[in-house]
Amino acid sequence: MKRAPGHPTYPSDMSLMVVSVGDLIGSPGKDRPFAAVVPVELTFEDVHVEGPMEVTGRAIGLIDAVEADFTVSAGAHLTCTRCLTAWDSRVEVATKQFFRRVPDEGGYPVTGDEIDLYEAARDELALALPSTPVCREDCRGLCPTCGTDLNSDPCGGHGDESDSPFASLRDLFDS
Ligand SMILES: [Zn+2]
Ligand SMILES: [Zn+2]
């Protein structure tokens, strides 16, 4: 497969996300470490994740379930919802999820004697992404009238509405 220069390369062996847990269920405290790097793609309005997702952790046996303690991380491309500046950031989250042979509302399934961590890891990563990214807390955003970036260039204000390039449009709609 051909890749654009600079595009990250990573092993895409999804089987690395599958962990055998048959011997853990019913053996409280017994655990098995896991680590995988797999491709992920998540697209929301102002957040885009595409590339390797790193998952490391361990599966721990419980009486009738498996607890997976893991950290998931990935690079995210964010766009400021106020000024539209774009930047790259790393999102990382530590979580604890439960897998059961008969999954309840809150858990994931044990299939055969295996758990597949992919869905759980992707879900947790998606939840950790900022829903309305801002480049900085006090970002002043763009002037809604002229589009000037108010962080770098305080526009003079628009006391006289007829100065606005949209004023003639507005007249059009008003008539
Ligand atoms: Zn901003
Ligand atoms: Zn302005």
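Two strands count as paired here if DSSP finds at least two bridges between them. With that in hand, here are the close-ups of this predicted model.

**View 1. β4 and β5 pair up antiparallel.** There are 14 bridges joining β4 to β5. For a handy anchor point, look at Ala-74, which stands opposite Val-91 in β5. The hairpin these two strands make has 6 residues between them.

**View 2. Leu-84 sits in the loop between β4 and β5.** What is the phi of Leu-84? Phi is near 70°, a positive value in a residue other than glycine. How buried or exposed is Leu-84? Leu-84 is partly exposed, since 13 other C-beta atoms lie within 10 Å; the label "exposed" would need 12 or fewer, and "buried" 20 or more.

**View 3. Five strands make an open sheet.** Read across, the order is β2-β3-β4-β5-β6, and the pairing is mixed. The edges belong to β2 (31–43) and β6 (108–109). Each of these edge strands has a single partner strand, so one side of each is left without a neighbour in the sheet.

**View 4. β2 runs antiparallel to β3 at one edge of the sheet.** Strand β3 covers residues 47–61, and 13 bridges tie β2 to β3. Zoom in on Val-37 and you'll find its bridge partner in β3, Glu-54.

**View 5. Helix α1 packs on the sheet.** This helix spans residues 118–128 and touches β2, β3, β4 (66–79), β5 (86–100) and β6. How does the direction of α1 sit relative to that of β5? The two directions make about 135°.

**View 6. β5 and β6 run parallel.** Here 2 bridges do the joining. Arg-100 stands opposite Pro-109 in β6, and β6 itself is the edge strand at residues 108–109.

**View 7. Stepping back to the whole protein chain, there are 2 helices and 7 strands.** Going from the N terminus, the elements run β-β-β-β-β-β-β-α-α. Of the 175 residues, 19% are buried. Among contacts with a separation of 6 or more, 59% come from residues 24 or more positions apart.

Note on methods. Residues numbered from 1 in each chain as written. Chains lettered and ligands numbered in written order. Predicted model: local features only at pLDDT ≥ 70, side-chain atom pairs only at ≥ 80, totals over all residues. Helix = DSSP H or I, 4+ residues; strand = E, 2+ residues; numbered from the N terminus. Contact = placed C-beta atoms within 7 Å. Axes fitted to C-alpha atoms, helices over the stretch in contact; angles between N-to-C directions.
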